[in-house]
Amino acid sequence: MLGVIALVLIFALLGSVLGFSARRFRVEGNPLVEKIDAVLPQTQCGQCSFPGCRPYAEAIARGDADINQCPPGGQDGVDALAELLGVESKPLAAEPRAEAGPVVALIDENTCIGCTLCIQACPVDAILGSAKHMHTVIASECTGCELCLPPCPVDCISIVPVKTGIADWKWPAPDDKVA
Amino acid sequence: MATQPFMPLPGGLHLPTFKTLSASRPLAEAPLPAELVFPLQLRGGINAVPTVSAGQRVLKGEVIARAAFENLPPLHASSSGIVRCIENRLLPHPSAMEDLCIIIDTDGLDEALPLQPRRHFSLESRETLRAWLIEAGVLGLGGAAFPTGFKVDPGKRRVDTLILNAAECEPYITCDDSLLQHFPHEVLQGAIILMHILSVEQCIIGIEDDMPEACRSLENALRARAYSGIRLQRVPALYPSGGEKQLIQILTGREVPAGGIPADIGIVCQNVGTAGAVYRAIEYQEPLVSRIVTVTGHGIHEPRNWITRIGTPIAHLTAASGGYTNAAERLIIGGPMMGFAVSDDQLPVTKASNCILVAGHEDLPEPPEVMPCIRCGACAEVCPAGLLPQQLYWYGRADNQERLEQHELFSCIECGCCNMVCPSHIPLVQHFRASKGKLTLKRREREKADHARVRFESRQSRKEEEKRSKAEATRRKREALNLNTPEVTHTEAN
């Protein structure tokens, strides 16, 4: 009898501790989504067929999307996702971008008619301008997602490689062939 | 005067110094070159904007370019002459990139800007003195070329000691040695000014014990005038005890935290050449327009130290040093351990160039064939930063960035000791530089991605807010309509 009471008491105590911690330390949202989102390049370009990086991360976490649908992330990005999720890596589904290295959008200011369509399309508010006035890209904010290209009625936006200077220069690796 | 250093350097190497090559001839002023070259490149990829145009006459010490927005030291003409043009030239940088440079044809008059009368420095506020140092273009002359005006502004950190770095540990280089032999008072006066700006009571000059003449000259100068608070401390000659963090550790026993700066542990460290430049900038309002450059190596006929105008083409200095010998093989800016090879002798001397090494075969022999790492650990024994180079090497090859960061890749000072002792002749430092570049790129990409995410999310929430307020407005409009025409509502309800 004493044993039963003791067990009941212990269970009640442990149960209340569990119940308390379930409320107290509750995690909002899915932490896996955060981790996947942190690996994605945040270009918000939608080339994965989802409207932005976070929706794609959510789809991966649900199991609705494959890990190889992000062209800006490249093969490195697929590998990082594979490692995070503990699955086999696979080749990128789409062709990676032709230009190596970072790119930005550039508006040909002579051709721009000030229609504001690109401003509405930009996912990171990197285009500045107003109706019937010339627009321009804030290069430091542009992710090079190309979402501004289709809406432009006069095709005045081009994607150009980011100008690299001496600050971007890196020492090359020595070419010793010993493994 | 204490003679024993606080603690010995972990690791390090005794290298043949070859310092007598250049130290055997007296210091002299380099002849005025016909042309001076000033790269517009400032720190961190920021280009200065020229304040002069082609055809304009400039005087010595006149500002010829300054950063458009940032408060950075401007560029000064180092002699009088006519601006010939502003054109793309090869930069004295390991990348061998081209960028805009101001080219000045000197007129031989060497006419300087007139001086403005100034009060004694001790009457001026510390902010004013710092601003003067920035305006005079004073940069760290030890090699890193960090603006001195910023370095003597530790902000909220409490600084108690100024260290002057006279430990010229890299082989071949003797520019600080000759500076101390000829201008000890300028250096000590500079130290007094720096102590005043930092409001510290104590200054330690760390000098290697294989520089006896410089040491004697400093001792005499210290005896000749009352410099309070300045102490000379000999440290054993061992490469790389002149590294900033290494010298601080030897002199004070305090270790600069990884990723931190000396001010975090209450210390500001300056090169002795910088202290001299500080003195000239504050006392004579003289911008930093010249420095001492060692021209040395077995590839030059008469190695020696030159007081050189910034912007002087290297070819002019080598010609003044008797020209190249038949042994000349490679041209190095900096010393044999930490310098970089360049392919053109028309490159200009910058504030960071302490040495021009014209290396013959005996200076820099061809590296033997690279063999596999046998994990002997010799590199770890000599590493002055206490790292594990062999581990870093493996992680670098495997591109394991997490491990590289865990093993403090960024604490590597690229001194090259591990290269020297590696029995397999692996160019470890070159691997580390490449790994650092990759890691920095990754970090930058990550930062950019985080920034884009924040902007995307704030845009999303703004869109939603707009949608909500629009819906709210429509609802309110409809409600207002309904209030005005209650019968209609009634009939609708029915």
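What covers the buried residues of α11(B)? In this predicted model, the cover of those residues includes α10 (378–382), α12, α13 (417–421) and α14 (428–484) of chain B. The helix itself, which spans residues 389–397, is mostly covered, seven of its nine residues being buried. The buried positions of α11(B) are B:Pro389, B:Gln390, B:Gln391, B:Leu392, B:Tyr393, B:Tyr395 and B:Gly396.

The segment that follows this helix can be described residue by residue. Just after α11(B) comes B:Asp399, whose phi takes a positive value of about 60°, and this residue is placed in the loop between α11 and α12 of chain B. The positive phi occurs although B:Asp399 is not a glycine, and it may be set against the general expectation that most residues other than glycine have a negative phi. With a relative accessible area of 41%, B:Asp399 is classed as partly exposed, because that class lies between the limits of 20% for buried and 50% for exposed residues.

Helix α12 of chain B, made up of residues 401–406, contains B:Glu405. This glutamate has a relative accessible area of 36% and is likewise partly exposed, since its value falls between the same two limits of 20% and 50%. When neighbours within four places in sequence are left aside, B:Glu405 is in contact with B:Leu439 and B:Arg443. The C-alpha atom of B:Glu405 is also separated by 9.5 Å from that of B:Lys436, a residue that stands 31 places away along the chain.

Elsewhere in chain B, the backbone shows a further feature in the loop between β11 (230–235) and α7 (244–252), where B:Pro240 lies. The peptide bond leading from B:Tyr239 to B:Pro240 is cis, and its omega is near 0°. In general, most peptide bonds are trans.

Taken as a whole, chain B comprises 15 helices and 17 strands, and its C-alpha atoms fill a box of roughly 110 × 65 × 50 Å along the principal axes. Of its 494 residues, 51% count as buried. Where contacts in chain B join residues at least 6 apart in sequence, 72% of them link residues at least 24 apart. The area exposed by chain B amounts to about 23,000 Å², with 53% supplied by carbon and sulfur atoms. Its charged side chains number 52 positive and 57 negative, and the centres of these two sets are 6 Å apart.

Chain A has five helices and four strands, which succeed one another along the sequence in the pattern α-α-α-α-β-α-β-β-β. Its radius of gyration is 25 Å, whereas a compact globule of 179 residues would have a value near 16 Å. The box filled by the C-alpha atoms of chain A, taken along the principal axes, is roughly 90 × 60 × 30 Å. Buried residues account for 31% of the 179 residues in this chain, and of the contacts between residues at least 6 apart in sequence, 48% join residues at least 24 apart. Chain A exposes about 10,900 Å², of which carbon and sulfur atoms supply 62%. It carries 12 positive and 21 negative side chains, the centres of the two sets lying 9 Å apart.

A positive phi is found in chain A as well, at A:Lys132, a residue other than glycine for which the angle is near 60°. This lysine is located in the loop between β2 (127–128) and β3 (136–137) of chain A. Its relative accessibility is 75%, and A:Lys132 therefore counts as exposed, the limit for that class being over 50%.

The two chains meet at an interface in which 36 residues of chain B are in contact with 35 residues of chain A. Between them, chain B and chain A bury about 2,900 Å², with 56% of this area on carbon and sulfur atoms. On the chain B side, the residues that lose the most area to chain A are B:Arg455, B:Phe456 and B:Arg459, which together provide 21% of what that side buries.

Key
Residues numbered from 1 in each chain as written. Chains lettered and ligands numbered in written order. Predicted model: local features only at pLDDT ≥ 70, side-chain atom pairs only at ≥ 80, totals over all residues. Heavy atoms only, no water. Helix = DSSP H or I, 4+ residues; strand = E, 2+ residues; numbered from the N terminus. Rg over C-alpha atoms; globule rule 2.2 N^0.38 Å. Buried < 20%, exposed > 50% of the residue type's maximum accessible area, 1.4 Å probe, protein only. Contact = heavy atoms within 4.5 Å. Areas by Shrake-Rupley, 256 points an atom, 1.4 Å probe, with all protein chains shown as cover. Lys, Arg positive; Asp, Glu negative; His and termini not counted. Charge placed at Lys NZ, Arg CZ, Asp CG, Glu CD. Buried area = accessible area lost by both parts, 1.4 Å probe.
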